[in-house]
Amino acid sequence: MASSTAGKSGFPGELIGSGRAADVYALDAERVLRRYRTPHSCAAEAALMRYLREAGYPVPEVLSADGPDLVMERLHGREMLADLAARPWRAGRHARTLAVLHDRLHGIPAPPGLPHPLGPGERILHLDLHPGNVMLTADGPVVIYWTNASAGPPGADVAMAYLIIGSADADAAPQWLRRPRSAWCAGR
Ligand SMILES: Nc1ncnc2c1ncn2[C@@H]1O[C@H](COP(=O)(O)OP(=O)(O)O)[C@@H](O)[C@H]1O
Ligand SMILES: [Mg+2]
């Protein structure tokens, strides 16, 4: 993948995101490459994303998965977290959207083979479904970052989102939103 997409800089494209385990590059206007920095197979993540898309859940279309490289549809829009910083009066609307994304996900039966790190249950858990992993596009919200997806009880996913939102020190979130953060999960 790297050789066919490498630009003059030696990088596959413009770096548009960087997390703990992977970097995200814009390959062109239609595609991004999510590349793990350590040896890793994206096969399971890609298979789950394809399964979710088939079930009608809003995830980016997977175009290829090869070792640590996941090529997917490039989403155009901004993260819900960035929108919160820019338009904090939309907090209630975004909280409802986040709750609906949780509910819709938890309505889909887990495919076989997912790990159960948080106990028994046969629903799909994202385990990082917070505003930084929701892209707001012209076609609606789309959920990214499926690295931690597992099977288990839906409440564990909501609890995890609550803990992440409550303990995150997100610079993008306006100060006044950080204190009453329990409101994020109150809509459920
Ligand atoms: N399919 C995509 N289209 C456009 N931008 C993306 C896409 N996937 C990820 N990004 C951008 O890259 C950032 C990091 O991606 P993400 O998968 O959440 O990894 P991490 O949280 O580990 O950094 C996202 O917050 C988003 O800005
Ligand atoms: Mg992310």
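Two exercises with worked solutions follow, one on a nonpolar core and one on a sheet.

The model is predicted, and local features need pLDDT of at least 70, side-chain atom pairs count only at pLDDT 80 or more, and totals for chains, interfaces and linings use all residues. Residues are numbered from 1 along each chain as its sequence is written, while chains are lettered from A and ligands numbered from 1 in the order in which they are written.

**Exercise 1.** Determine which residues of the largest nonpolar core touch the most other members, and where this core lies with respect to domain 1 and domain 2.

*Solution.* A nonpolar core is a set of buried Ala, Val, Leu, Ile, Met, Phe, Trp, Tyr and Cys residues joined through C-beta atoms within 7 Å, where buried requires 20 or more other C-beta atoms within 10 Å of the residue's own, placed from the backbone. The largest such core has 39 residues, and those touching the most other members are Met49, Leu70, Leu101, Val134 and Val143. Helix H4 (residues 91–106; a DSSP run of H or I, at least four residues) contributes the most, namely 5 residues. Because domain 1 (14–73) and domain 2 (77–185) both supply residues, the core lies between them; these bounds come from an automatic or database domain assignment.

**Exercise 2.** Establish the strand order of the open sheet and identify the strands at its edges.

*Solution.* Strands are DSSP runs of E, at least two residues, and two of them pair if DSSP finds at least two bridges between them. The 5 strands follow the order E1-E2-E3-E5-E4 with antiparallel pairing. Strand E1 (14–18) and strand E4 (62–66) each have a single partner strand, so one side of each is left without a neighbour in the sheet. E4 pairs with strand E5 (residues 69–73) over 4 bridges.

Key: Buried ≥ 20, exposed ≤ 12 C-beta atoms within 10 Å, placed from the backbone.
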